[in-house]
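Student: I have a model open in front of me and would like to learn how to read it. Could you walk me through it, one feature at a time?

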Amino acid sequence: MSALFNFRSLLQVILLLICSCTYVHSQWPSILDRYKDHGALGAFWKMARIGERASPYVSLACIIMAINQFNS
């Protein structure tokens, strides 16, 4: 089954995108900052901002997802 049709997998993909975009933005900020106002590529900048601003909640979600993945 595709990750788009399985809600659990979709949450995992979104969480991994947020973590990846936050890491890329912390290492090379100019890569995501130049596409800030563009439509599709601006979504990656927005995910990086979510990861920066809500980092305790994102890290807690990563831990919960890891425990959930371990149990299933």
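**Reading the core and the surface**

Tutor: Happily! Let's begin inside: the largest nonpolar core consists of nine residues, L15, I18, C21, L32, W45, M47, A48, V58 and M65. Helices α1 (7-27), α3 (39-53) and α4 (55-71) each give two or more residues to this core. Keep in mind that this is a predicted model.

Student: Which residues is L32 in contact with, leaving aside its neighbours within four places in sequence?

Tutor: L32 touches C21, V24, H25, F44, W45 and A48. Of these partners, C21, W45 and A48 are listed with L32 in the core.

Student: How do I place that core within the overall fold?

Tutor: Start with the secondary structure: there are four helices and zero strands, in the order α-α-α-α from the N terminus. The C-alpha atoms fill a box of roughly 40 × 25 × 15 Å along the principal axes. Of the 72 residues, 18% count as buried. Among contacts with a separation of 6 or more, 53% join residues 24 or more positions apart.

Student: Let's take one helix. How many residues does α3 have, and which of them are buried?

Tutor: Helix α3 has 15 residues, and its first and last C-alpha atoms are 21 Å apart, close to the 21 Å expected at 1.5 Å a residue. Its buried residues are G42, W45, M47, A48 and G51. They pack against α1, α2 (29-33) and α4.

Student: What about nonpolar side chains at the surface?

Tutor: Look for V13, L17, Y35, L41 and F44, which make a nonpolar surface patch of about 360 Å². Both α1 and α3 supply at least two residues of that patch. L41 lies in α3 and counts as partly exposed because its relative accessibility is 39%, between the 20% and 50% cut-offs. For the whole protein, the exposed area is about 5,400 Å², with carbon and sulfur atoms supplying 68% of it.

Student: And how should I read charged side chains?

Tutor: Here is the general idea: side chains of opposite charge can pair when their charged atoms come close. This structure holds one salt bridge.

Student: Which side chains meet in a salt bridge?

Tutor: Those of R49 and E52, at 3.1 Å from N to O. R49 and E52 both belong to helix α3 and sit three residues apart, about one turn of the helix.

Student: Are R49 and E52 buried or partly exposed?

Tutor: R49 is partly exposed, because its relative accessibility is 25%. E52 also counts as partly exposed, at 31%.

Key. Residues are numbered from 1 along each chain as its sequence is written. This is a predicted model: local features need pLDDT of at least 70, side-chain atom pairs count only at pLDDT 80 or more; totals for chains, interfaces and linings use all residues. Side-chain values use heavy atoms; hydrogens and water are left out. A nonpolar core is a set of buried Ala, Val, Leu, Ile, Met, Phe, Trp, Tyr and Cys residues joined through side-chain atoms within 4.5 Å. Buried means under 20% relative accessible area, exposed over 50%, partly exposed in between (1.4 Å probe, protein chains only). Contact means heavy atoms within 4.5 Å. The expected span of a helix is 1.5 Å times one less than its number of residues. Patches are made of residues with over 30% relative accessible area and no salt bridge: like charges are joined within 9 Å, nonpolar side chains (Val, Leu, Ile, Met, Phe, Trp, Tyr) within 5 Å. Accessible areas come from the Shrake-Rupley method with a 1.4 Å probe; for residues, only the protein chains shown count as cover. A salt bridge is a side-chain nitrogen of Lys or Arg within 4 Å of a carboxyl oxygen of Asp or Glu.
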